[in-house]
Amino acid sequence: MSRRSLNLDDTLYRYLLDHSLREHPQQVALREATQEHPRAQMQISPEQGQFMALLVKLIGARRCIEVGVFTGYSALSVALALPENGHLLACDISAEFTAVGQPFWARAGVAHKIELRLAPARETLDARLAAGEAGSYDFAFIDADKSGYDDYYERCLRLLRPGGLLAIDNVLWGGAVAQPAHDADTLALQALNDKLHHDERIDLSMLPLGDGLSLARKR
Ligand code: CA
């Protein structure tokens, strides 16, 4: 028994996957396609994708945002969880990376739910705010350049409705956030973690899932 989160060894992690994963065949295929990619470690873990899909269903999300698509596994996970009229605004700057995932979105029958915007996410989110979409989204997932996290957080928070949910990836950053840091990425994550801890605009939970996932519910 433990009063703190378990440190999973390989055997227990395998057990967890074997007893919880329910991937769509196209999710399996997209993960396999991404394994060959030189930056494959940027993909979220399948149990994290499944957890986010559950969150999307729990809050009855219909309109979602993703900042940082990479090869599209998390977008596929969220889109599969959305209702038929659901919409995911997927922001990324890489046509090359996102092109990997698009055939899998199509084969899974969810491509019509995903609006991919290839532009700096600040610009895309600012345009949506300028178009009067503040308060109109249910769920947002931030998983992009770490130095941009605070900007993405502030914009997504405005775009979310009260009660909407923000999920922020890599908040434990392989453990580096708990050590003295000098690089820009770790410093940015440390600053955002400090800020969220005391941010009265949200309810907060930091989970040791994957590389650390913070959940922030907009009050
Ligand atoms: Ca990530």
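**View A. The lining of the largest pocket, by residue class.** Nonpolar residues number 15 in the lining of the largest pocket, alongside 10 polar and nine charged residues. The model shown here is predicted. The space in this largest pocket comes to about 690 Å³. Its lining is made up of 34 residues. Five of them lie nearest the centre of the pocket: Met 42, Gly 68, Asp 143, Ala 144 and Asp 145. Three elements give two or more residues to this lining. They are helix α4 (73-81), strand β2 (87-92) and helix α6 (121-130).

**View B. Met 42, at the largest pocket.** Met 42 is among the residues nearest the centre of the largest pocket. This residue sits in the loop between α2 (25-35) and α3. Is Met 42 buried or exposed, or does it fall in between? It is partly exposed, with a relative accessible area of 34%. That value lies between the 20% limit for buried and the 50% limit for exposed. Beyond its neighbours within four places in sequence, Met 42 is in contact with Phe 70 and Asp 143. Asp 143 is also listed among the residues nearest the pocket centre. So is Ala 144. Along the chain, Met 42 and Ala 144 are 102 residues apart. Their C-alpha atoms are separated by 9.3 Å.

**View C. Phe 70, a contact of Met 42.** Phe 70 touches Met 42, as the contact list of Met 42 shows. Its place is the loop between β1 (63-67) and α4. Phe 70 counts as buried, at 7% relative accessibility. The limit for buried is under 20%. What is notable about the backbone of Phe 70? Its phi is near 55°, a positive value in a residue other than glycine.

**View D. Trp 173, a loop residue with positive phi.** Trp 173 is placed in the loop between β5 (160-169) and α8 (184-197). The phi of Trp 173 is near 50°. This is a positive value, and the residue is not glycine. The relative accessibility of Trp 173 is 26%. Trp 173 therefore counts as partly exposed.

**View E. The second largest pocket.** How much volume does the second largest pocket have? The value is about 490 Å³. Its lining holds 16 residues. Leu 8, Leu 16, Pro 208, Leu 209 and Gly 210 lie nearest the centre of this pocket. Two helices, α1 (10-18) and α3 (46-58), each give two or more residues to the lining. The largest share, four residues, comes from α3. By class, the lining has nine nonpolar, five polar and two charged residues.

**View F. Leu 129, in helix α6.** Leu 129 is part of helix α6. That helix is one of the elements giving two or more residues to the lining of the largest pocket. Leu 129 is buried, with 13% relative accessible area. Which residues does Leu 129 contact, leaving aside its neighbours within four places in sequence? They are Ala 134, Arg 155, Arg 158 and Leu 159. Lys 218 lies 89 residues away from Leu 129 along the chain. Between the C-alpha atoms of Leu 129 and Lys 218, the separation is 17 Å.

**View G. Ser 214, in strand β7.** Ser 214 belongs to strand β7, residues 213-218. The residue is buried, at 1% relative accessible area. Its contacts leave aside neighbours within four places in sequence. Among them are Leu 166, Ala 167, Ile 168 and Val 171. The contacts also include Leu 196, Leu 204, Ser 205 and Met 206.

**View H. The whole chain, for context.** Eight helices and seven strands form the secondary structure of the chain. The radius of gyration is 17 Å, close to the 17 Å that the globule rule gives for 219 residues, so the chain is as compact as a globular protein of that length. Along the principal axes, the C-alpha atoms fill a box of roughly 45 × 40 × 35 Å. Of the 219 residues, 48% are buried. Take the contacts between residues at least 6 apart in sequence: 71% of these join residues at least 24 apart. The chain exposes about 11000 Å². Carbon and sulfur atoms supply 53% of that area.

Notes. Residues are numbered from 1 along each chain as its sequence is written. This is a predicted model: local features need pLDDT of at least 70, side-chain atom pairs count only at pLDDT 80 or more; totals for chains, interfaces and linings use all residues. Side-chain values use heavy atoms; hydrogens and water are left out. On a 1 Å grid over the protein atoms alone, a cavity is a set of points where a 1.4 Å probe fits but cannot get out, and a pocket is an open set with protein on both sides within 12 Å along at least five of seven lines; lining residues have an atom within 4 Å of a point. Grid points are joined across faces, edges and corners, and a volume is the space filled by probe spheres set on the points. Ala, Val, Leu, Ile, Met, Phe, Trp, Tyr, Cys and Pro count as nonpolar, Asp, Glu, Lys and Arg as charged, and the others, Gly among them, as polar. The radius of gyration is taken over C-alpha atoms; the globule rule is 2.2 Å times the number of residues to the power 0.38. Buried means under 20% relative accessible area, exposed over 50%, partly exposed in between (1.4 Å probe, protein chains only). Contact means heavy atoms within 4.5 Å. Accessible areas come from the Shrake-Rupley method with a 1.4 Å probe; for residues, only the protein chains shown count as cover.
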